[in-house]
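Subject: A structure for you to explore

Hi there,

Here is the structure I promised you. Have a look around it first, and then read on for what turned up.

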Amino acid sequence: MEMKINKVLQPTPGRGLVIAGPCSAETEGQVMQCAKDLAKLGQVDLFRSGIWKPRTRPGSFEGVGTEGLSWLKRVKEETGLRTTTEVAKAAHVYDCLKAGIDVLWIGARTTVNPFSVQEVADALSGADVPVLIKNPINPDMGLWVGAVERIYKAGITRIGLIHRGFSYHGKTQYRNVPRWQLAIEMKRRFPELQMFVDNSHICGRRDTLQEVAQEALNLNYDGVMTEVHPRPDEAWSDAAQQITPQVFGEMLQNLRLRKPTASEVEMADLIELRRQIDEVDSDLIGMLGKRMQLADSIGEFKAARNIAVLQSDRWEEIMAEAAKAGNQHGLSEEFMKSYLRAVHQESIDHQDAIVNK
């Protein structure tokens, strides 16, 4: 689908765009204190706060509801900060439009459900309001793309993306693993859409917020969305990942905005390095082709002797040895596992085709 997209927020020269505020609007006093402290930083482009909070289990704090919209309205009047909050159904959209909320965002739990996205899109029809769309909880590109298309078809042309990471069943340092390659692919498909990193939801803890935010800026993201609370330890939701306005200001000072591309003088050196990478990639592809030829020979050997294609012991041995070898060359264990799984699956497919002839 061909799209003509406009920016959700106009960038300030020399720095990335900043969206900040508490995970949840808890009390009017908490919201106003946070907003006033953030306004003093002079770098916040959009004040965020959840009014409706989708929770996995009943009984958890699910937001103050429409009452909080008047608090956000007061934020704008008294601090000049523009405001944004999450919407998950038509009633939320209507209430936000009536309250004059500047930007709406669709959360991960909504993006994952096309029926919910369509309900929001229908409610937005005829409105002139920017919309940010978080990636779905699961690493499903189709759902993220579909959400963008549904909102665009509703007539919304100011659309942005929020990368908040993806759920993962297993041990990891993140609350939601970044899977940077998926966000990069979205940016490739929709280069005109601004991309923001929600480092709070990726990290799930305070000590790695700056590291993840900087990684996003290194990848040419347009800015950050961070949860900030005047008293984080007392927060009614997601306390572990929120920081004070003061700490947030320090984080912003330490972040480095990268140039989107090299200058003409620098470009010659970059072109040469890219040429060398192209040569290495060509060699790698050639070696992978030779590996698959050997896999074909193994497939013929197994077919002639009625031997099963998958040899689990052999596969475990390859994984263990390759992880060690990769580490010696500065390759992460996660990368080696992903690479080997892909190569192994291609080998299995080759052998299957031969055995099943």
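**What was found**

There are zero disulfides in this structure, which, please keep in mind, is a predicted model. Why do Cys23 and Cys34 not form a bond? The closest cysteine sulfur to that of Cys23 is the one in Cys34, and at 11 Å it is too far away for a bond, because a disulfide needs the two sulfur atoms within 2.5 Å. Seen from the other end, the closest cysteine sulfur to Cys34 is that of Cys23, again at 11 Å. Cys23 is buried, with a relative accessibility of 0%, and Cys34 is buried as well, also at 0%.

**Strand 4 and its neighbours**

A good place to start looking is strand 4, which covers residues 103-106. In a regular strand the side chains alternate between the two faces of the sheet. Are the two faces of strand 4 covered or open? Both are covered: Val103 and Trp105 lie on one side, Leu104 and Ile106 lie on the other, and all of these are buried.

Strand 4 also has partners on the sheet. It pairs with strand 3 (residues 83-87) in the parallel sense, over four bridges. Its pairing with strand 5 (residues 131-134) is parallel too, over three bridges. Try finding Leu104 in the viewer: it is the bridge partner of Thr85, and it also stands opposite Val131 in strand 5.

How does the chain get from strand 3 to strand 4? Helix 3 (residues 90-99) belongs to the story here, as strand 3, helix 3 and strand 4 make up a right-handed β-α-β unit.

**Aromatic rings**

Searching the whole structure gives three aromatic pairs. One of them is Phe61 with Trp236, which counts as edge-to-face because the ring planes stand at 90°, with the centres 5.1 Å apart. This pair links distant parts of the chain, 175 residues apart: Phe61 is in the loop between strand 2 (46-48) and helix 2 (67-79), while Trp236 is in the loop between strand 8 (223-227) and helix 10 (245-254). Phe61 is partly exposed at 23% relative accessibility, and Trp236 is partly exposed at 46%.

Another pair, Phe335 and Tyr339, is stacked, with 6.2 Å from centre to centre and 15° between the planes. These two residues are four apart in helix 13 (residues 333-355), so about one helical turn separates Phe335 from Tyr339. Both come out as partly exposed: Phe335 has a relative accessibility of 44%, and Tyr339 has 33%.

A ring can also have a charge for company. The charged end of Arg305 sits over the ring of Phe301, 3.7 Å from the ring's centre.

**Salt bridges**

Side chains of opposite charge can pair when their charged atoms come close. How many salt bridges are there? The count comes to 18, and a few of them are worth finding in the viewer.

Arg48 and Glu227 meet in a salt bridge, with 3.7 Å from N to O. Arg48 belongs to strand 2 and Glu227 to strand 8, so this pair ties together parts that are 179 residues apart in sequence. Are these two charged residues buried or exposed? Arg48 is buried, and Glu227 is too.

Asp238 and Arg175 form another salt bridge, at 3.3 Å from N to O. Here too distant parts of the chain are linked, 63 residues apart: Asp238 is in the loop between strand 8 and helix 10, and Arg175 is in the loop between strand 6 (159-163) and helix 7 (180-189). Arg175 is partly exposed, at 40% relative accessible area.

Arg275 and Glu279 also form a salt bridge, with their closest N and O atoms 2.3 Å apart. Both lie in helix 11 (residues 264-305), four residues from each other, which is about one turn of the helix. Arg275 is partly exposed at 37% relative accessibility, and Glu279 is partly exposed at 44%. Finally, Glu28, Lys36, Arg74 and Glu78 are joined into one network by salt bridges that share partners.

Enjoy exploring!

Best wishes

Technical notes: Residues are numbered from 1 along each chain as its sequence is written. This is a predicted model: local features need pLDDT of at least 70, side-chain atom pairs count only at pLDDT 80 or more; totals for chains, interfaces and linings use all residues. Side-chain values use heavy atoms; hydrogens and water are left out. Buried means under 20% relative accessible area, exposed over 50%, partly exposed in between (1.4 Å probe, protein chains only). Two strands pair if DSSP finds at least two bridges between them. A crossover is right-handed if, with the strands pointing away from the viewer, the path from the first strand over the helix to the second runs clockwise. Rings of Phe, Tyr and Trp (its six-membered ring) pair if their centres lie within 6.5 Å; planes under 30 degrees apart count as stacked, over 60 as edge-to-face and the rest as tilted. A charge sits over a ring if NZ of Lys or CZ of Arg is within 6 Å of the ring centre and within 35 degrees of the ring normal. A salt bridge is a side-chain nitrogen of Lys or Arg within 4 Å of a carboxyl oxygen of Asp or Glu.
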